[in-house]
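Q: Please show me the structure first. I would like to know how each label is justified.

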Amino acid sequence: MKAGVVVFPGSNCDYDCYYALNSILGIDTEYIWHKESSVKGFDLLVLPGGFSYGDYLRCGAIAKHSPVVDAVVDFAEKGGHVLGICNGFQVLTESGLLPGALIRNKNLKFICEYVSVIVENAKTGFTSYYNDGEILNIPIAHMDGNYYIDEKGLNDLLENEQVVFRYCDADGGISEEDNPNGSVYNIAGVINKKGNIMGMMPHPERCCEPLLGGNHGYYLFESIKNFLKGA
């Protein structure tokens, strides 16, 4: 198995993702510069967090025009697996690979803290090492993490079980008070209908080993690793 971490100008979680994949999970991993036009030979592509192109327009809006994104779209449309984290999630929505959009947090401030999220769908290739209803303690760090989708779009997500993670309290209760950024339906992560493209605002790569305060994110990468290996 081989993973690629896409690097845009302004990415700042690329090394974190590389370290999680390569050093902790033992996956052969390479960086992919945004000017590359081919992603041939990779089984998994990760679009990391950060501030691609300084987020000077809409988050991810400029990054979607990088040459590598055309290759990522082609890879995904042919069934390749893609994970977008934070800014990477924004890029996936801007490029049309995932529905919805990420807008400014409801408090108009940057948020960096640990939050609780509940696993809504453990039947995906990215979440099979979790259980439905399992509560994860995982960090967020974003200014534009407020997931928006219209009512019809939300109904489609729910009908197709595309909501993967939701913000909650420590006991799994879901309310507006436990929603850090104002996301519709407390959504923290979604997947496409085919199940090969997932985006999430929380950072699993920042909680992959106990030394960092917890390893709840480890099992997301372990899930996709074993799924792609056919284990």
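Q: Why is Arg104 called partly exposed?
A: Its relative accessible area is 41%. Buried means under 20%, exposed over 50% and partly exposed in between (1.4 Å probe, protein chains only), so Arg104 takes the middle label. The model is predicted: local features need pLDDT of at least 70 and side-chain atom pairs 80 or more, while totals for chains, interfaces and linings use all residues. Residues are numbered from 1 along each chain as its sequence is written, and side-chain values use heavy atoms, without hydrogens or water.

Q: What makes Arg104 and Asp144 a salt bridge?
A: Their closest N and O atoms are 2.9 Å apart. A salt bridge needs a side-chain nitrogen of Lys or Arg within 4 Å of a carboxyl oxygen of Asp or Glu, so the pair qualifies. Asp144 lies in the loop between strands S7 (135-142) and S8 (146-148), and Arg104 in the loop between S5 (101-103) and S6 (111-119), so the bridge ties together parts 40 residues apart in sequence. Unlike its partner, Asp144 is buried, at 11%. By this rule the count comes to 7 salt bridges.

Q: Why are Lys123, Asp132 and Glu161 described as a network?
A: Salt bridges link the three residues. Lys123 is 3.9 Å from Asp132 at the closest N and O atoms, and 3.6 Å from Glu161. Lys123 sits in the loop between S6 and S7 and Glu161 in the loop between helix H4 (151-159) and strand S9 (163-168), so that pair joins parts 38 residues apart in sequence. Lys123 is exposed, with 57% relative accessibility. Asp132, at 46%, is partly exposed, and Glu161, at 44%, is also partly exposed.

Q: How many disulfides are there, and how do you know?
A: A search of the whole structure finds 0. Cys59 is in no disulfide: the nearest cysteine sulfur, in Cys86, is 8.4 Å away, whereas the two sulfurs must be within 2.5 Å. Cys208 fails too, with the sulfur of Cys207 its nearest at 6.1 Å. Cys59 counts as buried at 11% relative accessibility, and Cys208 is buried at 4%.

Q: Why is helix H3 said to be largely enclosed?
A: In H3 (residues 87-94), 8 of the 8 residues are buried, so the rest of the structure largely encloses the helix. Among them are Phe89, Val91 and Leu92, and also Gln90 and Glu94. Helices are DSSP runs (H or I, at least four residues) and strands likewise (E, at least two), numbered from the N terminus. After H3 comes Gly96, whose phi is positive, near 85°.

Q: How do you know that strand S11 pairs with S4 and S10, and in which sense, parallel or antiparallel?
A: Two strands pair if DSSP finds at least two bridges between them. S4 (residues 81-85) has 4 bridges to S11 and runs parallel to it; Ile85 is there the partner of Met200. S10 (residues 187-191) has 3 bridges to S11 in the antiparallel sense, with Val190 partnering Gly199. In the hairpin of S10 and S11, 5 residues lie between the strands, and Gly195 takes a positive phi near 85°.

Q: What makes both faces of S11 count as covered?
A: In S11 (residues 197-200), Ile197 and Gly199 are buried on one side, and Met198 and Met200 are buried on the other. In a regular strand the side chains alternate between the two faces of the sheet.
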